[in-house]
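Colleague: I should like to go through the assignments in this model one at a time. For each, please set the value against the criterion and then conclude.

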Amino acid sequence: MILSVILILLLLGSILPWLVRSATIARCVAIFFAFLSFAASIYAYTMFEGSGFQFEERYEWIPSLGISYHLAVDGLSLPLVILTTLLALVATIYGVDEPKRDNQFYGLIMLTCFGTAGVFMALDLFLFFVFWEIVLIPMYFLIAIWGGPRKDYASFKFIIYTHIGSVIMILAFFAMHYLYYLQTGVRTFDLFELAKLSIEPKLAVILFIALIFGFFIKMPIFPFHTWLPAAHVEAPTSGSVLLAGILLKMGGYGLFRIPYTFFPEVAKAYAYPIAIIAIVTIFYGALAAMAQEDYKSLIALSSVSHMGYVLLGAAALTPAAITGAIFQMFAHGVASPLLFIMAGTLHHKAGTRLIHRLGGVAHKMPIWATFMVTASMAGLALPFTASFVAEFTVLIGALEAFNVLALFVFPAAIVTAGYFLYALRRAVFGPFNADLHIYGDVDAHEFVAMFMLVVAIIYLGIYPIPLEGIIDTFSVAFAGGV
Amino acid sequence: MIEYSWLIPIMPLFGFIICLTAGYRFTKGLGEVAIFFMFLSFLLSLGAFIDVLNGQTYQAKMVWAVVGGKEITFGVLIDQLSALMVLIVSTLILLIHIYSMGYMLPFIKTNKLSRYFAEMQLFSVGMLGLVIADNLLLMFMFWEIVGLCSYLLIGYFYRKPEAAKAQLKAFLVTRAGDVAFLIGIVVLFVYAGTFDLLKLFSLAPEMDNFVLTFAAIMLFGGAIGKSAQFPLHVWLPDAMEGPTTVSALIHAATMVKAGVYLVARTYPLFAMSSEALTIVAYIGGFTALFAATMALVMVDIKKVIAYSTISQLGYMFLALGTGSLFAGMFHLMNHAFFKALLFLAAGSVINACMTNDIREMGGLRRLMPITAYTMLAGSLALAGIPPFSGFFSKDEVILAAYNTGDMVLAFFGVAAAALTAFYIFRVWFMAFTGEYRGREHPKESPAVMTSVLVILAIFAFSTGFAKTWLEGYMEHFIETSYPHEVVKEGYMQLVLEPNEALMALTVVIAVASITIAYLGYVRGIPIYRIRDVLKPIHTLLYEKYYMDYLFEDIFGGRIGIYWARVTGWFDRVVIDGVVDGIGKVMLVSGSVLRKVQTGNVQYYLSVVLLGVMALIFYFTGVSP
């Protein structure tokens, strides 16, 4: 029941703000339900034992098609559910950038989290797809209503681009549904059942590619990534928090849950090409990030680079690599939102995010600068941050699987450090730019949002095993099964 | 006490948290807090060291993570090597914290001292943790923390553009070494299945020699970055933009020693591979001479000492590479004290004269006698004049190099010794003798600073006498801690037979160099004419062999920024151009869609609902 409780809490949090009149109450309601759902997910974590799917719930929904409301979590999805509820809390605490239709804003934030949590829990492909599509709509409006100057272009690009992936994905789902029907005479969208399909190799390759295509767009993986910087630059801060924190993880999660579970042989056969795509993504994202002038597009492209590690871990498919990839999803899911909050606060206080128009910000905003340095260190995977544990574990797995090829990934750490620190040098350190007008240091609500994420990042960096333990149990079983 | 040694790095962590959080409210008393916690750390280190002297060793660990079903443990390892190192490090951190109380006062108006002490405390956490870590991964993690603090403290005066540039350079150049280090430990983990040092040592004799050599060279790559060896030495002279206390603590006495300590700590791996040791010896020996040549011509007092540090670290690697763990550690210990002394004395001079340029000093011997004579003690130790500490250890290093029979290595050692004696006395004579050439009114520093100088001068004088004791101590360490095969079949030199002729040669050369410096800079014999004769060489040295140009303009500018711009352009124009192009092809459908886009949420939701229903009907319709 606990999973439905989490979903219901998030859904209530997304409906109730529309019904109240005051913006303040709407925000309080959203924070309250986000907090409850976070508490519920932590409770689920404490009840989670051993490995395999737990808290399973199953109700018939459309029996004639074999569609059911089927939820459960395992070591892959539980961390991401926790991440979703945590970011719901952070995003509602951080709130709206400039007061405008606040009630709807909080409702849409919570609705995005509701959809994402559903994606991570659903074990029925149709239900999965419904949640997947639910996420798109509120995010579209978040960008299109509260976005920056080019919000129409960005929101349209976002919805079209990710929708192309969805369409191809649902076609693959239908194909598998139909094949299962042909083989057994039973209609089902259930993940467990469909995984038993025996599909001839050629068709398996086509289905595998169709499935990973949708997830590659979502993650995003080079060369399907350009919707992301556009969406991030225009999105409101809380929107970016969710976009980077959990929407990208839907792609990484889906990759493991569907194509890699259904077609492990194909995944193994294509390990090297996928690894090369991953390595290109890591370097490409990092180099492109270095060329950015807008802090938000820098962070967006750093996300591309970091999600490359997730794909690299998937390609390697050793237990260590899978653990690293899943942990990287969580680590990036706390580090990247922090960076976006830093950029949002900067925009709020200094009126610009353009690096060349900043300079010496540390002089006027020391608390902000302290958090910014911390966030950048989390971004460049300094030890004692969660990202380090993740990337390091992926690298172990990659070296196990790919030997010499994996050695080429390591220098990415220099490029990553390069763009984060080059931006810090120009924007945060150096002489104070007299043209800037800075309106004070961070506000209390911004501070709380930042502080929560910093605690998560450093706690998991110092002592990862509470989370890493359940992930690794999953990975060992997963790698043994495929 | 030894069982409490895990608290050694925890103590400054409290100091860090207090300085970080209270620093926004309180300005006074933070230094005292930091010193208090460092003093506790020092006592714990001393206690651990005494227990080790009584024959105890200690290892305790806990599970930190699980990777692919393999547990990764973290813990502390206190044996002869780490106990000695942790005592040296905590003593120096404590002394330099005390000195900071006087030194940092003039900056209190423009820069927050809370930030200074918070970062110094975090550095202490990292450095002490690095020393007592019982496995390579934990070492690496603390290694990066000290790198972060080095980055932050170099940029302490971040409003100076040079400082902001230097901190970036320091981080990125050492990061290149760190990448190699990380490759090394990941390779070891994949092949040996553990990060634990003692387990790795016992597995080392059975490991494939190629893998072992590769991993050892990669670990040394990390050491090259951190200990500023050729070709990654370029960051250290620039790092002098930080406060002088930071230069003394991080960039002379402790952090840059981490590379040497890493090689010493993982010595059983190196001792099994002659190729790895040869590389260590050659890089170290070459750097010793190479950096000393640049120190000859610098006019910034801190830069001279910085190049001197690089050179002396080269000596330590030369010792380790030629198989003498004892000589390397001995020189590390001596150098930590006398180089900290030189930097702090230089800091005292800089605060008095308000400049780093030795051409604007002079005659300070009379104005600030304590600084002058303590610095003289440090200079004698560095130059290797008996009975100062540097003499004993440098002699051991050169002896170890000579014993290998490779005269190139011995030449590196002797030639660098000659240059060392010259450049440090060039500085001393120019700063402290003759007439004062600056515009300030220099006076002696406060007692809180000079007392530290005196303590360090006593160390600089006396630590050399510990030679016989340390020889026995290290021998005992090797016997008890290393697998038998490593010592028997490895490439190690245990006890070095004294060689009086070599010893006399190095002393004569050092004295001759000091005499030349005396004649040139005190007696006024125009040896600087040599500079005019050898103009191209002088320029080459003064321009640091153009290696800054190589790193900043070629690697940073031409390759780094250029490729980033190309990628950025490619991303914007080619990839996004294709995407938008496809979008424009669909303009017709787009214009239709735009009419549908009314902005009415209920409308959108009902369309979605209709779609879902249509889908359901479609499927239920065809179902049997």
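The exchange below takes up salt bridges, aromatic pairs, a helix, the contact between the chains and one residue.

Modeller: Please bear in mind that the model is predicted.

Colleague: What makes E193(A) and K196(A) a salt bridge?

Modeller: The criterion is a Lys or Arg side-chain nitrogen within 4 Å of a carboxyl oxygen of Asp or Glu. For E193(A) and K196(A) the N to O distance is 3.3 Å, and the pair is therefore a salt bridge. Over all chains, the search finds 16 salt bridges.

Colleague: How do you know whether E193(A) is buried or exposed?

Modeller: Neither word applies: E193(A) has 27% relative accessibility and counts as partly exposed, since that class runs between 20% and 50%. K196(A), at 59%, counts as exposed.

Colleague: Why is the pair of D79(B) and R265(B) called a salt bridge?

Modeller: The closest N and O atoms of D79(B) and R265(B) are 2.6 Å apart, and the limit is 4 Å, so the criterion is met. This pair links distant parts of the chain, 186 residues apart: D79(B) lies in the loop between β2 and α3 of chain B, and R265(B) lies in helix α11 of chain B.

Colleague: What makes D79(B) and R265(B) buried?

Modeller: Buried means under 20% relative accessible area. D79(B) has 4% and is therefore buried; R265(B) has 1% and is therefore buried.

Colleague: How do you know that E396(B) and K467(B) form a salt bridge?

Modeller: Their closest N and O atoms are 2.9 Å apart, and the cut-off is 4 Å, so the pair qualifies. Here E396(B) belongs to helix α18 and K467(B) to helix α21 of chain B, 71 residues apart. E396(B) has 2% relative accessibility and therefore counts as buried. Elsewhere in chain B, K169(B), D238(B), K544(B) and D548(B) are joined into one network by salt bridges that share partners.

Colleague: Turning to the rings, why is the pair of F49(B) and W469(B) called edge-to-face?

Modeller: The count comes to 71 aromatic pairs over all chains. For F49(B) and W469(B) the centres are 6.3 Å apart and the planes stand at 70°. The limits are 6.5 Å between centres and over 60 degrees between planes, so the pair is edge-to-face. F49(B) lies in helix α2 and W469(B) in helix α21 of chain B, so the pair ties together parts 420 residues apart in sequence. F49(B) is buried at 9% relative accessible area, whereas W469(B) is partly exposed at 38%.

Colleague: What makes the pair of F326(B) and F330(B) stacked?

Modeller: The ring centres of F326(B) and F330(B) are 5.4 Å apart and the planes meet at 15°, so the pair is stacked; the angle has to be under 30 degrees. F326(B) and F330(B) are 4 residues apart in helix α15 of chain B, which means a separation of about one helical turn. Both F326(B) and F330(B) are buried.

Colleague: How do you know that K218(A) sits over the ring of W132(A)?

Modeller: The charged end of K218(A) is 5.3 Å from the ring centre of W132(A), against a limit of 6 Å. Likewise, R187(A) lies over the face of Y181(A), 4.1 Å from the ring centre.

Colleague: What span is expected of helix α15 of chain A, and what does the helix reach?

Modeller: At 1.5 Å a residue, 46 Å is expected, and the 32 residues of α15(A) reach 45 Å from first C-alpha to last, which is close to that value. This helix is mostly covered, with 29 of its 32 residues buried. Just after α15(A), G351(A) takes a positive phi of about 80°.

Colleague: How many residues make the contact between the chains, and what area is buried?

Modeller: Chain A gives 71 residues and chain B gives 66 residues. Together the chains bury about 5900 Å², 77% of it on carbon and sulfur atoms. Between chain A and chain B the count is 1 salt bridge. D576(B) and K157(A) meet in a salt bridge at 2.5 Å, N to O.

Colleague: Finally, why is T416(A) called buried?

Modeller: T416(A) has a relative accessible area of 6%, and the limit is 20%, so the residue is buried. T416(A) lies in helix α20 of chain A and touches A286(A), H306(A), G379(A) and L380(A), not counting residues up to four places away in sequence.

Definitions and conventions
Residues numbered from 1 in each chain as written. Chains lettered and ligands numbered in written order. Heavy atoms only, no water. Buried < 20%, exposed > 50% of the residue type's maximum accessible area, 1.4 Å probe, protein only. Helix = DSSP H or I, 4+ residues; strand = E, 2+ residues; numbered from the N terminus. Expected span 1.5 Å × (residues − 1). Phe/Tyr/Trp six-rings, centres within 6.5 Å; stacked < 30°, edge-to-face > 60°. Lys NZ or Arg CZ within 6 Å of the ring centre and 35° of its normal. Contact = heavy atoms within 4.5 Å. Buried area = accessible area lost by both parts, 1.4 Å probe.
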